[in-house]
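This report describes selected features of a single protein model. The sequence and the structure are shown first, and the description follows.

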Amino acid sequence: MEKWGLGLAVLLLVSLLGGCISGEVSEEGGTTTPTNKRGSLSNPAILGEPVVVNTPSGTFEVTVTDAIRGERAYQIIKGANMFNPDPEEGYEYLLTKVKFRYISGDSAYYVSDWDFKAYCDGVGYSPVIVVLPNNYPEFEGVNLMPGGVIEGWIPYKVPKNRDVMIAYEYFGEPVCFIKII
């Protein structure tokens, strides 16, 4: 029975990683060393570049279309509501505009801002809860059917002046990365 559990765990891991890693087939029919697909951790996409993710639940397209950080992001967030908290010492606000498109699948799929994290120096930061101004509509949690699209802003607090990648996470595991430049 333990062998079946281990086999199922390996199969699930391979399925999750399949969205960002592909392999080349050799002339003999075997698989060679995997190549890093665009949107993977070692080959992240860039701002404005869509990433297609294949999962057992369907095929999705993820794009970070805009990003604002530092003093400008702070002014936007504080201007929306004076009770929005200041970032802690050494951190700054990051606003990302994310577009998520459900390309194909067999059923409704729920997606929300909590399916995205900002990774910096190997640490994942979840979205923060703040009031955003009306002209920065938030990325809301919705059920999408194939062909559906949701777009909105996701706020984070991240370490100042550090490289950041936004990851879409499927069942809590990052399956694609987009570098914020």
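## Helix 2 and a contact across the sequence

Arg 72 is placed in helix 2, which covers residues 71-80. Its relative accessibility is 53%, so the residue counts as exposed, the threshold for that class being over 50%. Arg 72 is separated from Leu 95 by 23 residues in sequence, while their C-alpha atoms are 9.6 Å apart in space. The model is a predicted one, and this applies to every value reported here.

## The open sheet

Four strands form an open sheet in the order 4-5-6-11, and their pairing is antiparallel. Strand 4 and strand 11 are the edge strands, each of them pairing on one side only. From one strand to the next, the twist averages 30°.

Within this sheet, strand 6 and strand 11 are joined by 11 bridges in the antiparallel sense. One of the facing positions is that of Tyr 93, which stands opposite Lys 157 in strand 11.

## Salt bridges: the pair within the sheet

The model has a count of 8 salt bridges, and three of these pairs are described here and in the next section, beginning with Glu 61 and Arg 101. The closest N and O atoms of Glu 61 and Arg 101 are 3.3 Å apart, which is inside the limit of 4 Å for a salt bridge. Glu 61 belongs to strand 5 (residues 58-69) and Arg 101 to strand 6 (residues 91-104), so the salt bridge ties together parts that lie 40 residues apart in sequence.

The two partners fall into separate accessibility classes. Glu 61 counts as buried at 16% relative accessibility, because buried means under 20%. Arg 101, with a relative accessible area of 29%, is partly exposed.

## Salt bridges: the pairs between loops

Arg 38 and Glu 49 meet through their side chains in a salt bridge with an N to O distance of 2.9 Å. Arg 38 is in the loop between strand 2 (35-36) and strand 3 (45-46), and Glu 49 is in the loop between strand 3 and strand 4 (51-55); the pair therefore ties together parts 11 residues apart in sequence. Arg 38 is partly exposed, its relative accessible area being 35%. Glu 49 is likewise partly exposed, with a value of 21%.

A further salt bridge links the side chains of Asp 121 and Arg 162, at 3.0 Å from N to O. Asp 121 lies in the loop between strand 8 (116-120) and strand 9 (123-125), whereas Arg 162 lies in the loop between strand 11 (149-159) and strand 12 (164-170), so this pair ties together parts that are 41 residues apart in sequence. Asp 121 counts as exposed at 54% relative accessibility, and Arg 162 counts as partly exposed at 38%.

## Backbone: positive phi values

Most residues other than glycine have a negative phi. Asp 121, described above as a salt-bridge partner of Arg 162, has a positive phi near 55° and is not a glycine.

Phe 171 also has a positive phi, of about 55°, although it is not a glycine. This residue is in the loop between strand 12 and strand 13 (173-180). With a relative accessibility of 71%, Phe 171 counts as exposed. Asp 121 and Phe 171 thus each lie in a loop, that of Asp 121 running between strand 8 and strand 9 and that of Phe 171 between strand 12 and strand 13.

Key
Residues are numbered from 1 along each chain as its sequence is written. This is a predicted model: local features need pLDDT of at least 70, side-chain atom pairs count only at pLDDT 80 or more; totals for chains, interfaces and linings use all residues. Side-chain values use heavy atoms; hydrogens and water are left out. Helices (H or I, at least four residues) and strands (E, at least two) are DSSP runs, numbered from the N terminus. Buried means under 20% relative accessible area, exposed over 50%, partly exposed in between (1.4 Å probe, protein chains only). Two strands pair if DSSP finds at least two bridges between them. Axes are lines fitted to C-alpha atoms, for helices over the stretch in contact, and angles run from 0 to 180 degrees between N-to-C directions.
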